[in-house]
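Good morning, everyone, and thank you for making room for me today. Please have a look at the chain on the screen before I start to talk about it.

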Amino acid sequence: MSSVSTGQTAAPARTTDAPQMDPIRLEVMWNRLIAVVNEQASALMRTSFTTIVRESGDLSAGVFDTRGNMLAQAVTGTPGHINAMATCIHHFMAVYPADTLKPGDVLITNDPQKTSGHLHDFTVITPVFQSTRLVGFFGNTCHVLDIGGRGLGTDARSVFEEGLFVPITKLYSAGEPNTELVRIIAANVRAPEPVLGDIHAQVAGNDVGGRRLLEFMDEFGLDSIDPLGDEIIARSERAMRAAIAALPDGAWEHVGWSDGYEEPVRLQVRIEKRGDALHVDWAGSSPESGRGINVVLNYTHAYTTYALKCALAPEVPNNEGSFRPVTVSAPEGCILNAQPPAAVGARHIVGHFLPGVIFGALAQVIPRQVMADGAANIWSTQFTGRDTNDDLWTYVWFSTGGTGARPTADGISAAAFPSGISGVPAEVIESLAPIVINRREYRQDSGGAGTFRGGLGQTLEVAVRSGQPYWFSPLFDRVQFA
């Protein structure tokens, strides 16, 4: 059985309290740090070539100290990206130790096991230097439009069929681009311009964040952000542990189901609380699937920690400190800890169900702090074909049903929980691809009856106007298990 934590240790260690900072100065610096990462994310979205990033917000952005501890994240982003990125930076530092990096270096990978779970997500990490001294890292993860292979789907039987695999490597070395890597990516994807455009947008976003961080450090006279990071992490960890300690000691279990393919997928969780720490075990879940719906442990950890934080301490900043009181495990070879070369292209189909299963377990002890189960996973809709000029085109967008009812309010209609991404307006879809949205409307009364009802789902009717044959890849669930 394997476990994962941001410190890459088997059990969380308590943070040694850093010297207390002046609370007013700390609050000002914290707000500035959040502004820095928000500007990083905004720069990425503004320069993106695809609606996946600039409209849907299928991305993450964050700042890290010199030891790879995530200090702050942008308000925009998905838990599957940001929480996975918080752990993946340690893999980057294992390949490129901090003392080997130089100004102008930029690192990249889409390794599913080490980052956010499938090849369509590129993670870009940029070290930041004050003169020649490393002072931190900026990182972001984005879903690219295409990565070659079979395309975004579940048909592949191994990760080798799913597209181009880029191990942790340098996209830039001392400011010089890795042109051979760029050529390889361009030659292996169906839409090289938007794919490479978004990768360069990721570099630009990190660059903006790095410049703003150096301005911030100059303004406050800081030679290092590590002491500030220690204080942020320590406070977040104390707050998260206090929220956990308020629960009674015990263990709670729950089972959820996904439609699966040959047979339904069982998702079984056991949450054990002792003192001020939690251990979450997914033993009892289904074995690996022969289809591309498998989930790597890093992604399982991401949506597990996100769900716990939503229920127990939503106001606590999401960073290294808030992760430390929680460990996550799943047996190797189960669908939530898939081993290479398992196919993982549609890992979100299963991964987005995890918060609902966790809420089902927590409802036994804190029923007024969790919402009911909802649509959970996003529906990914991808069309590929040739236009009237016989040029190859591909386009993907996301849709969702409603969230579950809340303890004191209805659920939210057609809202992506737990992913947090946004829908793309029909007008935008139609302007970028030969697609027509004939109908998009709420499904009335689909949230069910009750004092507080679930959010409404939606009806979507789509056509392709090119007059050419096309290929359709739907990634849908919640059909058998509503």
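I will go from the chain as a whole to one sheet, and then to a few single residues.

What you see is a predicted model, in which local features need pLDDT of at least 70 and side-chain atom pairs count only at pLDDT 80 or more, while totals for chains, interfaces and linings use all residues. Residues are numbered from 1 along each chain as its sequence is written, and side-chain values use heavy atoms, with hydrogens and water left out.

Let me begin with the overall form. The C-alpha trace spans about 65 × 55 × 40 Å along its principal axes. A compact globule of 482 residues would have a radius of gyration near 23 Å, and the chain, with 22 Å, agrees with that; the radius is taken over C-alpha atoms, and the globule rule is 2.2 Å times the number of residues to the power 0.38. Of these 482 residues, 58% count as buried, where buried means under 20% relative accessible area, exposed means over 50%, and partly exposed lies in between, with a 1.4 Å probe and protein chains only. If we take contacts (heavy atoms within 4.5 Å) between residues at least 6 apart in sequence, 72% of them join residues at least 24 apart.

The chain has eleven helices and 17 strands, which are DSSP runs numbered from the N terminus, helices being H or I over at least four residues and strands being E over at least two. How are the strands of the open sheet ordered? Seven strands follow the order S3-S2-S6-S5-S4-S7-S8, with antiparallel pairing, and two strands pair if DSSP finds at least two bridges between them. Strand S3 (70-73) and strand S8 (176-177) stand at the edges with a single partner strand each, so one side of each has no neighbour in the sheet.

Within this sheet, strand S2 (residues 59-64) is joined to S6 by six bridges, and Phe64 stands opposite Phe137 in S6. Helix H1 (residues 23-47) packs on the sheet, where it touches S2, S3 and S6, and its direction makes about 140 degrees with that of S2. Helix H3 (residues 79-95) also packs on the sheet, touching S2, S3, strand S4 (106-109), strand S5 (121-130) and S6, at about 50 degrees to the direction of S2. These angles run from 0 to 180 degrees between N-to-C directions, and the axes are lines fitted to C-alpha atoms, for helices over the stretch in contact.

Further along, S4 and S7 pair over three bridges in the antiparallel sense, and Leu107 has Lys170 in S7 as its bridge partner. S7 is joined to S8 by two bridges, with Ser173 opposite Glu176, and in the hairpin of these strands, which has two residues between them, Ala174 takes a positive phi near 50 degrees.

Now to the single residues. Ser158 lies in the loop between strand S6 (133-143) and strand S7 (169-173), and it counts as buried because its relative accessibility is 13%. Leaving aside neighbours within four places in sequence, Ser158 is in contact with Pro341, Ala342 and Ala343.

How many disulfides are there? With a disulfide defined as a pair of cysteine sulfur atoms within 2.5 Å, the count is zero. For Cys88, the nearest cysteine sulfur is that of Cys142, 13 Å away. Cys88 is buried, at a relative accessible area of 0%, whereas Cys310, at 28%, counts as partly exposed.
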